Amino acid sequence: MDSAIETATRLASRQWQAAFNAGDAAGCASCYEETAVMVAEPFGTYTGRAEIQAFWEKLIADGFKDVNYVDPKLEVLDDRSACLSSGWTMNNARGVITKELWVLQEDGRALLREDHFAATA
């Protein structure tokens with residue numbers, strides 16, 4: 001049976017993917033902590049929910065959609081945090097997630113504190 005952090009992380013990751021695939025940048029951003037850091041290679045580093053939302057808004061507006069995680073791996077770090085890594089594909093890009101650090105919040109949800117990924121094509 002999954003631990004609370006595993007269950008919350010799997011749910012939150014699915015919610016992020018569903019928001020992206022629905023073209024909902026605000027929904028994507030809501031999966032991050034207020035002061036989260038996202039490192040998106042080669043695009044740059046984005047700090048805080050507003051900057052992160054603006055990144056996803058532009059990407060969605062540019063026609064990117066249909067994200068799919070390929071062979072995701074979830075590592076529980078402790079009872080409050082887990083790290084997800086995965087390959088990913090979209091309609092016109094692909095890449096790798098090297099680190100999604102999900103942290104269990106007081107309300108039982110997991111939110112992203114760090115998001116490190118790279119587009120490779």
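Trainee: In which loop is Asp66 found?
Mentor: This is a predicted model. Asp66 has a phi near 60°, a positive value in a residue other than glycine. Its place is the loop between helix 3 (49-61) and strand 3.

Trainee: Is Asp66 buried, partly exposed or exposed?
Mentor: Buried means under 20% relative accessible area, and exposed means over 50%. Asp66 has 45% relative accessibility, so it counts as partly exposed.

Trainee: What about Asp71: buried or exposed?
Mentor: Asp71 is in strand 3. Phi is positive there too, near 55°, and Asp71 is not a glycine. The relative accessibility of Asp71 is 54%, so the residue counts as exposed.

Trainee: Which peptide bond is cis, from Glu41 to what residue?
Mentor: Look in the loop between strand 1 and strand 2 (44-47). Omega is near 5° for the bond that starts at Glu41. The residue on the other side of this cis bond is Pro42.

Trainee: How do strand 1 and strand 6 run, parallel or antiparallel?
Mentor: Strand 1 covers residues 32-41, and strand 6 covers residues 110-119. Met38 stands opposite Asp115 in strand 6. Six bridges join the two strands, and they run parallel.

Trainee: How many bridges join strand 5 to strand 6?
Mentor: Strand 5 spans residues 94-104. Val103 stands opposite Leu111 in strand 6. Strand 5 and strand 6 run antiparallel, and the number of bridges is nine.

Trainee: In the hairpin of strand 5 and strand 6, which residue takes a positive phi near 95°?
Mentor: The hairpin has five residues between the strands. The residue with that phi is Gly108.

Trainee: Is Leu104 buried or exposed?
Mentor: Leu104 belongs to strand 5. Leaving out residues up to four places away in sequence, Leu104 touches Ala4, Ile5, Ala8, Asp79, Arg80, Arg109 and Ala110. Its relative accessibility is 11%, so Leu104 counts as buried.

Trainee: What distance separates the C-alpha atoms of Leu104 and Thr47?
Mentor: Along the chain, Leu104 and Thr47 are 57 residues apart. In space, their C-alpha atoms are separated by 19 Å.

Trainee: How much space lies in the largest pocket?
Mentor: Start with the lining: Arg10, Ser13, Arg14, Gln17, Tyr69, Pro72, Lys73, Leu74 and Leu84. Helix 1 (4-21) and strand 3 (68-78) each supply at least two of the lining residues. The space in this pocket is about 150 Å³.

Trainee: How many residues of that pocket lining are charged?
Mentor: Sort the lining of the largest pocket by class. Four residues are nonpolar and two are polar. The charged residues number three.

Trainee: Ser13 lines the pocket. Is Ser13 buried or exposed?
Mentor: Ser13 sits in helix 1. Beyond its neighbours within four places in sequence, Ser13 is in contact with Tyr69, Leu84, Glu100 and Trp102. The relative accessible area of Ser13 is 5%, so Ser13 is buried.

Trainee: How much space lies in the largest cavity?
Mentor: The count of cavities of 30 Å³ or more comes to one. Strand 5 and strand 6 each supply at least two residues of the lining of the largest cavity. The space there is about 80 Å³.

Trainee: Which class has no residues in the lining of the largest cavity?
Mentor: The lining is made of Trp16, Trp56, Val67, Tyr69, Trp88, Met90, Ile97, Glu100, Asp115 and Phe117. Eight of the lining residues are nonpolar and two are charged. The class with none is polar.

Trainee: How many aromatic pairs does the whole structure have, and why does the pair of Tyr46 and Phe55 count as tilted?
Mentor: The search finds nine aromatic pairs. The ring centres of Tyr46 and Phe55 are 5.0 Å apart. Both residues are buried. Planes under 30 degrees apart count as stacked and over 60 as edge-to-face; the planes here stand at 50°, so the pair is tilted.

Trainee: Which residues do ring pairs link into a cluster?
Mentor: Tyr46 and Phe55 both belong to this cluster. The full set is Trp16, Phe20, Phe43, Tyr46, Phe55, Trp56, Trp88 and Phe117.

Technical notes:
Residues numbered from 1 in each chain as written. Predicted model: local features only at pLDDT ≥ 70, side-chain atom pairs only at ≥ 80, totals over all residues. Heavy atoms only, no water. 1 Å grid on protein atoms, 1.4 Å probe; cavity = no way out; pocket = protein on both sides within 12 Å on 5 of 7 lines; lining within 4 Å. Points joined across faces, edges and corners; volume = space filled by probe spheres on them. Helix = DSSP H or I, 4+ residues; strand = E, 2+ residues; numbered from the N terminus. Nonpolar A, V, L, I, M, F, W, Y, C, P; charged D, E, K, R; others polar. Buried < 20%, exposed > 50% of the residue type's maximum accessible area, 1.4 Å probe, protein only. Contact = heavy atoms within 4.5 Å. Phe/Tyr/Trp six-rings, centres within 6.5 Å; stacked < 30°, edge-to-face > 60°. Pairing = 2+ DSSP bridges.
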